[in-house]
Amino acid sequence: MQTQHFFIVGDPLILGADISIILVSAAIIFVLTYFKKWGWLWREWLTTVDHKKIGIMYFISALLMLFRGGVDALLMRLQLMFPNMNLLESEHYNEIFTTHGTIMILFMAMPLIFAMFNIAVPLQIGARDVAYPFLNAVSFWLFFFGALLLNLSFVIGGSPNASWWGYPPLSELTFNPGPGENFYILSIQISGIGSIATGINFLITILKMRAPGMRLMDMPLFTWSVLSSCIVIIAAFPVLTVALFLLFMDRFAGAHFFTMTHGGDPMMYVNLFWMWGHPEVYIVVLPAFGIFSEVVSVFSKKVIFGYTSMVVSLLLISVYAYFTWVHHFFTMGAGADVNTFFSISTMLIAIPTGVKVFNWLLTMYRGRIRMTEPMLWTLGFIVCFVVGGATGVMLSVAPADYQYHNSYFVVAHFHNVLIGGTVFGMFAGMTYWWPKIFGFKLNPTLGKWAFWLWNIGFYVCFMPQYALGFMGMTRRIYTYPDDMGWTPYNVVSTIGAFIMALGFVFQVWQIVYSAKRMDRDVTGDPWDGHTLEWSTTSPAPYYNFAVIPKVEGRDAFWKEKKKRSQPDYKPEKRELKPIHFPKNSGIPFIMGVCFFIAGFGLTFHWVWLGVIGLIGVAATLYARSFQYDTEYVIPVEEIKKTEAALGRDI
Amino acid sequence: MHDDHSEKHPGSTVSYVIGFLLSIVLTIIPLYVVLNHSFSNMILVYVIMIMAVLQFLIQLVFFMHIRESEEPHYNILAIALGIIFVFAIVAGSAWIMTFNSQVQ
């Protein structure tokens, strides 16, 4: 391969990215060396198996990816703002909508929910860590290096351009000979292994590591939502892995699973992709439902309305998510019987979600509502998600879908549920658990600005797109003539996108400002919370709980606080014991690097490099398999010292 | 740590090896009959399916220790769910893809 094809330098936008990547990398290396922080970085972060730190790393990566995907979105909206724009060429536009979708779903939404899993679940169930801390670190580094591989495609070799779903035959070698699609397949495969491992890890954590006394039906609803989400991850992600593996065999080894000729069937890929793709949207939205349930209950000062029906509808959705996938390709022409079945199943899945909406509303009813930032995101979500859900039911009607299919109506719909559901949900979770992670609240004024800019920007951006869909504007077109009558709607839509971008700027400002100016949270319970994560200090010590709490029923910490306020309350004598704790390990990071090398080699068909990388992966697995000394004991003295330093007397 | 494990599953190395060999045999059989076109297409499909189901059972018994768990109710629930999902994937795909025979 020639150098000018290897390093992409032709486009000024990409050249700018090249230069900024080099500058930022140089700056990071300089700062780390100047302040002698390499050892600190390795010991505290790169080798950590602490779920809280892994959660923070997921969170930072997800915000960076939100920025990258957001810039893609702004470029697309600028290109579409006026007819016959020349900002992006068609090829470049294709690449940008592909990376926007891939990044936003797989490298922004997924790590963001995993950040919340890691930050909140072990603390909520009164555990000291997840079931498999080492595997948790492996998951993170596989995600991280998968994301790095995909982002590298922008400057080396060329980005994928067959959309985030990579349908054949367009993604096959015949029509897409460059390395772009290989980047897409391999980066998702690598991070997908991590996702499956996270699903297994948290399922086992929730089933096996709950504090004594906490029955399944005593668990906080966020934990329930993570459990449901994990069930879907475990069941759905392998399907994507297989589909992408077969596609890779087509491209790499000359197989014919999805080709147009030699008995291949491209529609089988579409079928397999959505068998993962539809459950995937539930994977990312169920944890958001869980967060809203926590937030609504805490900030209305009430227990959640209809706990049992919440749990049942979460579990129903997690199983039911598996039976609706065909609504993504009604127009394939599978016949009336198939379409009717999946049409009805899609309409039915709206019912458990509807139940949840009513439960949230009834929890607020006659509650003492505090309009904090997490609560604002929750209220914004309810309105936004109901609109998105209603248009979803419109799309579920198979005959009508022939009209909506592939139009901007669909674009507006899924942004409505994904931004309104997942993104608002994760922002609610971020502002809610921020004091628990970092030890200080986020500034509420800047947060409210961010909320209103996001919320207003959302409607300004996407409501016109529903209209554009009806007016016949199809997805993925890179420009349009001026006599279509679409121009005013596109102008408004682009303005909305920039309002949301401004909202993001406010969030970054809020984080930086709060880190400097906001008071430390010394109580550990800044919101008057109901669940166990608020019973420990903020931020929680690395072992989470000096003494594992005993749980009696739901909202354990709230009950505990009520008990404490009684006049005849006598604090129980709690006895400290030495804690067994997992040692840090560099293996997950090295394994991630090896996967990255293998992925990069296979992308360019450099088999030798791929083999070297895979040998490295095998070596790390081997090294770990024969490592027996993986734990150490924290003595009682050290626990006492740590607790005293955090201001708690034991 | 290590010693505890080998006490819990006596002879597990043997069962892993047996399971591994059986899995290889069950993979080679369908590959062989398909590469040689040993039977008609319909029979080939059935042979692959039967081998897949046997492979599934071997995985459960030899690698996932389905008979050795202390809390069998989790297992049964998980397997029931797994079977529902596998049924959705296989039967669903077969049903949806019948359109292909009408088109061609």
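These are my notebook entries on a predicted model, covering the A/B interface, a few residues of chain A, and salt bridges.

**Entry 1: cysteines.** I looked for disulfides and found zero over all chains. I then checked the accessibility of two cysteines of chain A. C230(A) has 0% relative accessibility and is therefore buried. C594(A) comes out at 11%, which also falls under the 20% limit, so I noted C594(A) as buried.

**Entry 2: interface of chains A and B.** I counted 15 residues of chain B in contact with 25 residues of chain A. The area buried between the two chains is about 1800 Å², and carbon and sulfur atoms give 78% of that area. On the side of chain B, F85(B), W95(B) and I96(B) lose the most area to chain A; together they make up 33% of what that side buries.

I went on to the polar terms. Between chain B and chain A the count is zero salt bridges. One residue pair is in polar contact across the two chains, with both residues at pLDDT 80 or more. Next I asked which elements of chain B give two or more residues to the side that touches chain A. They are α4 (72–96) and α5 (99–103) of chain B. Helix α4(B) provides the largest share, ten residues. By residue class, that side of chain B divides into ten nonpolar, four polar and one charged.

**Entry 3: H100(A).** I placed H100(A) in helix α5 of chain A, residues 90–124. Is H100(A) buried or exposed? Its relative accessibility is 14%, so H100(A) counts as buried. Leaving out residues up to four places away in sequence, H100(A) touches G69(A), D72(A), A73(A), M76(A) and H415(A). With G69(A) there is a short polar distance to record: a polar atom of the H100(A) side chain lies 2.9 Å from the backbone oxygen of G69(A).

**Entry 4: K561(A).** This lysine is found in helix α17 of chain A, residues 556–565. I read 18% relative accessibility for K561(A), and since the limit is 20%, K561(A) counts as buried. Beyond residues up to four places away in sequence, K561(A) touches D525(A), D528(A) and G529(A). A polar atom of the K561(A) side chain lies 2.9 Å from the backbone oxygen of G529(A). I also took the C-alpha to C-alpha distance from K561(A) to S139(A): 36 Å in space, with the two positions 422 residues apart in sequence.

**Entry 5: salt bridges.** I counted ten salt bridges over all chains. I looked at these pairs:

- K52(A) and D50(A) meet through their side chains at 3.2 Å, N to O. Both K52(A) and D50(A) are buried.
- E552(A) and K563(A) form a salt bridge with closest N and O atoms 4.0 Å apart. E552(A) lies in the loop between α16 (487–517) and α17, and K563(A) in helix α17, so the pair ties together parts eleven residues apart in sequence. E552(A) is exposed at 58% relative accessibility, and K563(A) is partly exposed at 42%.
- R564(A) and E560(A) form a salt bridge at 3.5 Å between the closest N and O atoms. They are four residues apart in helix α17, so about one helical turn separates them. R564(A) is partly exposed, with a relative accessible area of 41%, and E560(A) is partly exposed at 26%.

I closed with the linked pairs: K301(A), D525(A), D528(A) and K561(A) are joined into one network by salt bridges that share partners.

Terms used. Residues are numbered from 1 along each chain as its sequence is written. Chains are lettered from A and ligands numbered from 1 in the order in which they are written. This is a predicted model: local features need pLDDT of at least 70, side-chain atom pairs count only at pLDDT 80 or more; totals for chains, interfaces and linings use all residues. Side-chain values use heavy atoms; hydrogens and water are left out. A disulfide is a pair of cysteine sulfur atoms within 2.5 Å. Buried means under 20% relative accessible area, exposed over 50%, partly exposed in between (1.4 Å probe, protein chains only). A polar contact is a pair of N or O atoms within 3.5 Å; within protein, one must be able to donate a hydrogen and the other to accept it, and residues adjacent in sequence count only if both atoms are side-chain atoms. Contact means heavy atoms within 4.5 Å. Buried area is the accessible area (1.4 Å probe) that two parts lose on being put together, summed over both. Ala, Val, Leu, Ile, Met, Phe, Trp, Tyr, Cys and Pro count as nonpolar, Asp, Glu, Lys and Arg as charged, and the others, Gly among them, as polar.
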